[in-house]
Amino acid sequence: MLGHCGQTAKSTTRRPTFATRFHNPRTMLQVSVLREQTDRVLAGLAKKHYPTGPEDVAAVLDLDQRRRALQTRHDDAQAEANDLARQIGALMKSGDKAGAEALKIRTTELKQHTKATADELTQVEIGIQQLLYKLPNLPHASVPAGRTAADNEVVREHGAKPDLYAGAQPHWELIKKYDIIDFELGIKVTGAGFPVYKGQGARLQRALINFFLDEARAAGYTEIQPPILVNEASGYGTGQLPDKEGQMYHDAADNLYLIPTAEVPVTNLYRDEIIAVEKLPIRNAAYTPCFRREAGSWGADVRGLNRLHQFDKIEIVQITQPEHSYAALDQMVAHIESLLQKLGLPYRVLRLCGGDMGFTSALTYDLEVWSAAQGRWLEVSSASNFETYQANRLKCRYRAEGGKTQLLHTLNGSALALPRIVAALLENNQTADGIELPEVLHSYCGFGRIG
RNA sequence: AGAGAGGUGGCAGAGUGGUCGAAUGCGACGGUUUCGAAAACCGUUAUACCGGCAACGGUAUCGGGGGUUCGAAUCCCCCCUUCUCUACCA
């Protein structure tokens, strides 16, 4: 008999899984988009070099059809059960015990059916969700075709590469020479990739942070100081979970993650919110330390400050109405460029190709500065428009004309990440007598030259 | 960290097994009235999903999850969180 099913209930000491906590599918691409613009979706997935687009989209559409049929069936059964329950209540009240018992037979039977339908519905929803989690965002029309970094489009280049004097050195030598950043001490205290900034090195960090924050505020961004540990729901909200789990440091005791970027806590501020139109666009800037395990990253390119487990970054985040998001992206890039110009660093702006851009992005510009002693470009910022991809997970909406809620667009960019900026500042501005810092930093640092 | 009390709609705040998606008040919006405004009066005022061209109908949601029951805001279990007292600390 099925009547004993209550006793087989599993122990409830286990944390509920993501799927049970968020019963409704929190999708990334919207099913409605897959359904209504199938061709566009398939073309977009192909441009991103997603291998199994046609199969996965067909599978989602198939499951979605089943989901809707099940939902209808389930709702109808529930409606009948609710109606019977009301009748039983009325019969009980009027003293007709026998009549009530008669109806209970039907309602008990109905319950078994609805339970089966509900379980199936949950399975189908989980299936849809798992497939959607696999699908990357669709690229914007302007994204160049291509597979690797070599296919990225150079949008523009600014500033002249400096000619270094004969004794010029890469930054990992300069930091030792002037004793401003100490990797050995970091290794002793923590491990590789956790540098210790000392004296003028520490003051330069603080100067850059203040400079970037002040510039962001002047450009209309509200400063936020968020937590640097986040919970699991936030990790899912911005898409670090489930796919990039291994890249974040995790505190198992409390199930919290150290943030890899301020994007995570700041964007999640707006999770499950319906934002009033008057408050749009949201413009936030936040300084935080960032933590990345960088599992599996080695090689010559990661020497010195090029790649760290802990570093400082100022992040800018915007949330806009869909029709304004690309103007906002241009504005963000312009702001980042203005920072690089004020610091006097030669840079270039890249539009990433379909194969090189991030999973969640619709359009990404990378900004790279010229590292004179290393003789190569270093990525110091990445600015992206996620359109509704993140907002769909976040349930971040506004009320459009006519009272309907509609997903917003989310964007973010680094403005800026410190280590590679420091590397370029040290290398590009070195002289025989020391390192001449750009004018704009003098008052922030309290000095104009290192050495 | 220990003890106790709470978490209900935009806000305040009722509701301790049925007719409760939820009284009442405030706020907001629309209307009547007015030369205009205030006041008064009338009405509207959550989100998501399913069906429907639509009108509309159905389902779910009272911090989150699970359970008991024909039926749960209400009873039971777990988790989160707020307040008070104690302990501790910056």
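Modeller: Two strands pair if DSSP finds at least two bridges between them. In this predicted model, three strands joined in that way form an open sheet in the order β8-β14-β15, with mixed pairing.

Colleague: What makes β8 and β15 the edges of that sheet?

Modeller: β8 (274–275) and β15 (405–407) each have a single partner strand, so one side of each is left without a neighbour in the sheet.

Colleague: How do you know that β8 and β14 count as a pair?

Modeller: At least two bridges are needed, and β8 shares two with strand β14 (residues 397–399), in the parallel sense. The pair therefore meets the rule. Within it, Ile-275 stands opposite Tyr-398.

Colleague: Which strands pair with β16, and in what sense?

Modeller: Strand β10 (residues 310–320) is joined to β16 by seven bridges and runs antiparallel to it. Strand β13 (residues 376–385) also pairs with β16 in the antiparallel sense, over three bridges. Glu-315 stands opposite Ser-414 of β16, and Ala-383 stands opposite Gly-413 of β16.

Colleague: Why is β16 called mostly covered?

Modeller: A residue is buried when its relative accessible area is under 20%. In β16 (residues 409–417), nine of the nine residues are buried.

Colleague: What makes helix α13 largely enclosed?

Modeller: In α13 (residues 418–428), 10 of the 11 residues are buried, so the rest of the structure largely encloses this helix. Among the buried residues are Leu-418, Ile-421, Leu-425 and Glu-427.

Colleague: How many aromatic pairs are there?

Modeller: The count is five. One of them is Phe-194 with Tyr-249, at 6.3 Å centre to centre and 55° between the planes. This pair links distant parts of the chain, 55 residues apart: Phe-194 is in the loop between α7 (183–189) and β3 (196–197), and Tyr-249 is in the loop between α9 (232–237) and β6 (250–251).

Colleague: Why is the pair of Phe-194 and Tyr-249 called tilted?

Modeller: Ring centres must lie within 6.5 Å, and planes that are neither under 30 degrees nor over 60 apart count as tilted. The 6.3 Å and 55° of Phe-194 and Tyr-249 therefore fit that class.

Colleague: Are Phe-194 and Tyr-249 buried or partly exposed?

Modeller: The cut-off for buried is under 20%. Phe-194, at 16%, is therefore buried, whereas Tyr-249, at 23%, counts as partly exposed. Another tilted pair is Phe-211 with Phe-212, at 5.5 Å and 45°. Phe-211 and Phe-212 each have a relative accessible area of 0%, so each counts as buried. Ring pairs link Phe-211, Phe-212 and Tyr-444 into a cluster.

Colleague: How do you know that Lys-161 lies over the face of Trp-370?

Modeller: The distance limit from NZ of Lys to the ring centre is 6 Å, and the atom must also be within 35 degrees of the ring normal. Lys-161 is 3.9 Å from the ring centre of Trp-370 and lies over its face.

Colleague: Which residues are closest to RNA strand B?

Modeller: There are 25 residues around RNA strand B, the closest being Arg-67, Thr-72, Lys-93, Arg-399 and Thr-405. They divide into six nonpolar, 11 polar and eight charged. Of the RNA atoms within 4 Å of the protein, 69% belong to sugar or phosphate.

Colleague: What makes Thr-72 and Arg-397 polar contacts of RNA strand B?

Modeller: The limit is 3.5 Å between N or O atoms. An N or O atom in the side chain of Thr-72 is 2.4 Å from a sugar or linking oxygen. For Arg-397, the partner is a phosphate oxygen at 3.1 Å. The elements giving two or more residues to this surface are α4 (53–93), α5 (97–134) and β14, and α4 gives the most, with 13.

Colleague: What is unusual in the backbone?

Modeller: Most residues other than glycine have a negative phi, and most peptide bonds are trans. The bond from Leu-280 to Pro-281 is cis, with omega near -5°, and a cis bond also joins Ala-415 and Leu-416, with omega about 5°. Leu-416 is in strand β16. His-49 has a positive phi of about 60° and, at 31% relative accessibility, counts as partly exposed. Asp-179 has a phi near 55° and is partly exposed at 44%.

Conventions: Residues are numbered from 1 along each chain as its sequence is written. Chains are lettered from A and ligands numbered from 1 in the order in which they are written. This is a predicted model: local features need pLDDT of at least 70, side-chain atom pairs count only at pLDDT 80 or more; totals for chains, interfaces and linings use all residues. Side-chain values use heavy atoms; hydrogens and water are left out. Buried means under 20% relative accessible area, exposed over 50%, partly exposed in between (1.4 Å probe, protein chains only). Helices (H or I, at least four residues) and strands (E, at least two) are DSSP runs, numbered from the N terminus. Rings of Phe, Tyr and Trp (its six-membered ring) pair if their centres lie within 6.5 Å; planes under 30 degrees apart count as stacked, over 60 as edge-to-face and the rest as tilted. A residue is near a molecule or strand if one of its heavy atoms lies within 4 Å of it. A polar contact is a pair of N or O atoms within 3.5 Å; within protein, one must be able to donate a hydrogen and the other to accept it, and residues adjacent in sequence count only if both atoms are side-chain atoms. Ala, Val, Leu, Ile, Met, Phe, Trp, Tyr, Cys and Pro count as nonpolar, Asp, Glu, Lys and Arg as charged, and the others, Gly among them, as polar.
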